[in-house]
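Visitor: I am new to this structure and would like a close look at one part of it. Could you take me to the places where the chains touch, and then show me what lies around them?

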Amino acid sequence: MTALVKLLFLAASLSPAATLLVWDGALAWPLFGDVTLLFDLAPLSAFFLLLVALGAPLAAIPMLRDDAEWPTYALYALLLVGMQVLLLAGDFIGLFVGWEIMTWSSYLLLLRSPRTTLATAQSYILLNLLSAFALLGGILVYYSLTGGFAIQAVADLGPWQGLALIGPLALAFLIKVGTVPLHLWVPCSYDEAPDTFSAVLSALLSKMGIYGLILLLTLLPGGLAGGLSGGLGGLYGHLLDGPAAGYVLGWIGVITSIVATFKAIAQEDMKRLLAYSSIAQVGYITTAIGVGSSLAIGGALFHALVHTLIKLLLFTTIAGIVLRTGLRSFKDLGRLIYRMPISFFGVLIGIIGLAGMPPLPGFASKYLIFVSLIDARWLLLLAAMILSSTAAFLYCYRLIYAPFLGHANSPQARTATEAPWQYLVPEVVLMGLLVALGLFPGLGVRLFVDPVLTALGLTPLGSPSWGELATPYGGYDGVVVMAVFGGAFVVVTSLFFLLRGRMRQAASPYDLSYAGEVPDETTPLHYGAGMGRELRRIPLVAWILGHSTQGLYAGLVRQTQAAAGLLAGLYSGRPQVWILLAVLVFAAALTVQLLAGGI
Amino acid sequence: MHYLLDIPAMIATSYVLGFLFYGFYRQYNARIQRRWGPSIFQNLYDNLKFLFKSETLSHGPMFFFGPMIIVSGAVTTVLFIPFLKDSIWLQGFSQHGNLILIIYLFVLGPLGNALAVGSSGNPFGVMGVTRGLTRLMGLEVPFFLGLALVMLQYETVSVHAIMAAQSSIGEWTLVTNPIAFLVILLPFIASMNAAPFDVVGAPQEVYAGPRVEFGGRFLGVLMTQNMMLSVGKLVLLVDLFLGGATNLFILIAKAFALFLLITSISAVFPRLKTEQAVDFFWKVPLGLGVVGVVATVWLQ
Amino acid sequence: MALPLTPIWFIALPLLLAFLAPLWARLRLLLPLLFGAQVVLLALAAALVPAVRQAPLLETIVIAPPLGIHLHLDAVALLLVTLFHGAAALLALFVWLDEGVAHLRGPRPFVLLLLLVAGCDGMVLTGDLFNLYVFLEIAGVTAYALSALHRDRAGLEAGLKYVVIGSVAAVFFLFAVVLIYLQTGQLNIAAVAADFAAIPAPMQVLIGLSLLVGLGIKAELFPFNFWVPDIYQGSDPAVASLFSGVLVKAFLFVLFHLAFLLLADPRVAQVWLMGLGAATLLVAETVALRQPDLRRMLAYSSLGQIGLIALALGFTSEATTAGALFHMVNHTLAKLLLFLVAGLLIRRAASARLEALTGLGRQMPLAAGLFVLASLSVLGLPPLAGFASKLWILTGFAEAQVFWPIALILFGALLEAGYYFRWVKALYATGDAPVARGPAPAPARSAYLPLLLIAALLLLLGAAPFLLEADLVGAAQALLDRAATIEGVLGAQP
């Protein structure tokens, strides 16, 4: 029975892949009046469906290890249905339906975790519903402008109409993406969600916001294909060589990534760090969407793909660590490299990708985004992005140092064993995919990015060969980089062994040059918890770390509660008050109406 | 076949130039401080001594691979920088790379080594790495901004194309875009691990640093890569700002001039703390960069 | 024997059955008959659909209008009657199958439930103002008695309060009826409507406001709805579900029916009705944020939905009206489900407080799941029915380029989410506080049958709202088309 349920669940997790492969032709489902749901697979949505198709089964395999909880499985399947509906939708109502199914099914999945607090659950559902209702509001504005729900470019749009349309939609998608200051729900929910589900939240759900943002640009007259005279540029003019409104979006994205990066560095909890890192990475994508050129959208799509793979890998690996040790804080772990070597490689590949180091594909996507910023001549944005992208090295280092290197800081870390195969299989697959994509960025562009760009009316990036990522500004060859580095590594290592002399292994982990003293087990040798603390001495970083949006939202909640309390006073249990009020209102209304009636 | 000669030639060039430059640096510093410095070959001797140490302590496989990665990173970086202009020699694989790739390759090795430092289990080493990454976070912003000004000026990220566009002294980027050079100068000094931003390597005063656990051959290897990478950085700046070099002698002359400038600046300033350095980078060079962007990009 | 299929049965059959209650009690047929009667009437409603689609049915009693009494079954009345009997049938089934609600299984509740539904039917069907008042009182009195059924302190207090406030409402209504009769000499609604414009303007205002206050109290609109939470809290959840699902809908219909009929230009009342609706929505949703008692929370939520329906009906466009009628249907179903599930949960936890219900979702997964489903429908989240009707209303507003109600409705939904999800979270919380559980055993599995049926209906209507589309649009037209109604009753006017 259990096996059957699990098998069914696995089959359900493959459904996005099946949809992607076999979907042909459109499907229409009437609701009422002229509201009809249209389902069709456009190249843009096919790209995001590909992400879901890749991610869904890989995230599902670790869930198989848990006791077969049919509600979890059912909700996950529902979530996948929601995402497919969202992506297949050719009209806004379908998009909204998918969006909402996704929202509430993921919320209910979030509740499956015993760690979820009321504050987290409420911030998750309320901000996501705010996003959904903003989306619905924007859809209704769109409906009043065009008289239909089909997703297509609006023919004619004034600046104010544009604002009325873009405002709510952008709010909706930016909440989903988690940009500052709308990111409140992201860190706590990614952190407290069931460990195997966090990967889905970060890798797949946040991408739906990205999809929405790109979709939003295609709505404007001229769309993305119009270049500077269409889309955002056509509506609000342009700044340097990019759309002025996109410049605002670009700064939103970059400020998000800077703030989130520094917050990530300051986290003590592995999953929370990854959550902030997610916000930061998606911030880059937001910036690229703001640029809106062919290079930028290409970079955004590529980064979305890479980020999906990386975050699946990292969250799954971290879930493995938490499973085996029961610990999630940096200060409790350490030296797991010998106990969980495959997980170590998982995190290693993950952080190399996250840091955007060549030759992994994180570099390819960042390269495209950087070049697009230079192309738009938005150098200040570029500098700000470099800041967060370089600061990311710090949290990446922490993510690998604190759990895997240094000294084991708890009995659990000393005795942990490698994660079970359900975790390792997706990890290995993801590592393979990342390395392959790093080797062949040109192939990635050709297969995944260019079809979308062509469909959006943008110039495809093109790639002369599988390995080569080409831009008008020049490119690089992933195969050559990897080969040169690999070759150098082999030669250097062999030469090292040819040198005279012998190697001696340290007798114990405490065999260190430690300021002239001899450390032992009681010496605090693990630097995992304190790392990054000294950053607070930098004024900018201290300012960022010293501020938070929590106070704002808490204040909002307090005010609403106070208003509720005030109004609840009206609902006293005394019938005489009810009658008095009714009569008073009657009299007042009569007076007003008679006076206003001009008698 | 061509590569078989070219690659060793590039590595050798960078190595030889590296120990000569650093030998000169020690002499030069000594003279400023009114000492007799060591011989100009002293760095070569030191390096060879380390490389042939009879015993080396290792802290496990990851610790071993760190120095290998950092040297591979240095070699890779050097191989992606074109040393000469209008020549088929000393080009390595630079046709397959670009400026942004090179900037990232600069930090690839040190990050690999950071894993080894962490693996050693010495908290002081990790502190050193954190300091290094913090400084990197500070310097990279103005550095990249300055380079972006150059990339924007030539509308390419290919080092070859930038080099080719500067055919006479009047067309050197140093002349046509001096503000970009000023913006990157100080961050560049920091990236060369030179004073006043050298607290990370902590050569004398501070006991702890990324290299605290490395001894023997590992230390030799680290020293080798440092010299090679420094030459690579110098050559890159020659390519970008000084019009490149058509033959080895011009390259040495230009690189040496640049090195002299940097050495002179670093010889007279006291060391900054890491946070001070970062704050400084975000104020002075970055401010200059913003001014540069406004002046050369916005106001055109 | 061929019994004619006429609307009179909607009122006559329950009355007949109710008077013979002692007999049924003796025969132990109460519960099957309660359920059976509703099903029969539901079938009757279904059978009348083709006829009503052609033209409204007029059932004259004794003399033809305007002098006599008649029942007027048009598309909208049929829709509501169907809804009432559907809801009542589901409730009756639940009472039949769930042995836990002992005090709803005797002869007294049998009579009261039948009379309540008959009263509601009468209000919707009648074409005569005085009859309307009579039915209003029938429904009112049975409702007072039903809420005091529990015979405990809370129940009796609720019943008493209900009597007081209900009488005030009746007085206002009767006052308006008397004034109308004095002014026009008519009691037939259609005839009154035809002559209403002739009444002096100040008197029109007085009549209109009296009606508004009287029916506003009954229909739970904002400044007149302070009694609602107390009554809902004191009554049995099953009874409360009937109040929220059937009784209020009937009063709401009467209010809007009269407003649309009496006023030649409904825009006069628009500002009042939409304003009251908006205020009801906003106030109720805000107050609900802090309710620690499940029944009270549901009461406020019900008020919020009523406000939404009033807002949409008050706008008087065809799309919003059709949407509002659809929302009535969905809200009735969802609240029925919510209150019944709440009853199960409360019985299990022996308390309706938030803390007492914490973690109950893991003990009663099906009940909690149904609660979540109904909540989602109330919130208007797809793919449930509440979404379709809300969307219908919203597109109606968007079509007319009026955006403030859209913003208000969406904001209200957000507030609603704020408290519904607090309860959902509590149900699934893994609090470490020891939870006291009542002595009641888990309900019989068969008791879930009507609940699952409602859930299925919610899903069906959410996925395929087009099933009801023709009826809803027809109902909206019938409600809005003043001239046709008057003409249908009085014949073509010269």
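Guide: Here is a walk along the contacts of chain A, followed by some stops elsewhere in the chains.

Please keep in mind that this is a predicted model. Of the 2 pairs of chains in contact, chains A and B share the most contacts, so to speak our natural starting point. On this side, 62 residues of chain A are in contact with 69 residues of chain B. Chain A brings several elements that give two or more residues each, namely α15 (361–375), α16, β6 (476–477), α20 (478–498), β7 (502–505) and α21 (539–546). The most comes from α16(A), with 13 residues. Sorted by class, the side of chain A that touches chain B has 45 nonpolar, 10 polar and 7 charged residues.

Now turn to chain C. Here 47 residues of chain A are in contact with 49 residues of chain C. The elements of chain A that supply two or more residues to this side are β1 (27–32), α5 (92–111), α6 (118–146), α22 (550–568) and α23 (575–596). Among these, α6(A) gives the most, with 13 residues. The classes on this side of chain A are 37 nonpolar, 9 polar and 1 charged. Chains B and C, for their part, are joined by no contact, and their closest C-alpha atoms lie 39 Å apart.

Helix α16 of chain A deserves a second visit. Spanning residues 379–404, this helix provides 21 residues to the largest nonpolar core, the largest share of that core. The core has 554 residues, and those with the most contacts inside it are Leu337(C) and Val341(C). Leaving aside residues up to four places away in sequence, Val341(C) touches Ala367(C), Leu370(C), Phe371(C), Ala374(C) and Leu451(C).

While we are in chain C, look at helices α12 (residues 267–288) and α13 (residues 294–314), which pack at an angle of about 155 degrees with their axes 7 Å apart. The two helices α12(C) and α13(C) are therefore roughly antiparallel to each other. Their crossing is left-handed. Among the residues that meet are Leu273(C), Gly277(C) and Leu281(C) in α12(C), and Tyr300(C), Gly304(C) and Leu311(C) in α13(C). By class, this contact has 16 nonpolar, 7 polar and 1 charged residues.

Chain B has a helix pair to show as well. Its helices α8 (residues 178–191) and α11 (residues 274–298) pack at an angle of about 160 degrees, with axes 9 Å apart. That makes α8(B) and α11(B) roughly antiparallel to each other, and their crossing is left-handed. The contact includes Leu182(B) and Leu186(B) of α8(B), along with Phe281(B) and Leu288(B) of α11(B). Its residues are 12 nonpolar, 3 polar and no charged ones.

Finally, some backbone details in the loops. In chain A, the peptide bond from Val180(A) to Pro181(A) is cis, and Pro181(A) is found in the loop between α7 (159–177) and α8 (185–192). A cis peptide bond also joins Pro358(A) and Pro359(A), with omega about 5 degrees; Pro359(A) is in the loop between α14 (341–355) and α15 of chain A. Arg335(A), in the loop between α13 (294–325) and α14 of chain A, has a positive phi near 55 degrees. With 22 C-beta neighbours inside 10 Å, Arg335(A) counts as buried. In chain B, Arg34(B) has a positive phi of about 60 degrees, but Arg34(B) is exposed, with 6 other C-beta atoms within 10 Å.

Note on methods:
Residues numbered from 1 in each chain as written. Chains lettered and ligands numbered in written order. Predicted model: local features only at pLDDT ≥ 70, side-chain atom pairs only at ≥ 80, totals over all residues. Contact = placed C-beta atoms within 7 Å. Helix = DSSP H or I, 4+ residues; strand = E, 2+ residues; numbered from the N terminus. Nonpolar A, V, L, I, M, F, W, Y, C, P; charged D, E, K, R; others polar. Core = buried A, V, L, I, M, F, W, Y, C linked by C-beta atoms within 7 Å. Buried ≥ 20, exposed ≤ 12 C-beta atoms within 10 Å, placed from the backbone. Axes fitted to C-alpha atoms, helices over the stretch in contact; angles between N-to-C directions. Parallel < 35°, antiparallel > 145°, perpendicular 65-115°, else oblique. Left-handed = near helix turned anticlockwise from the far one by under 90°.
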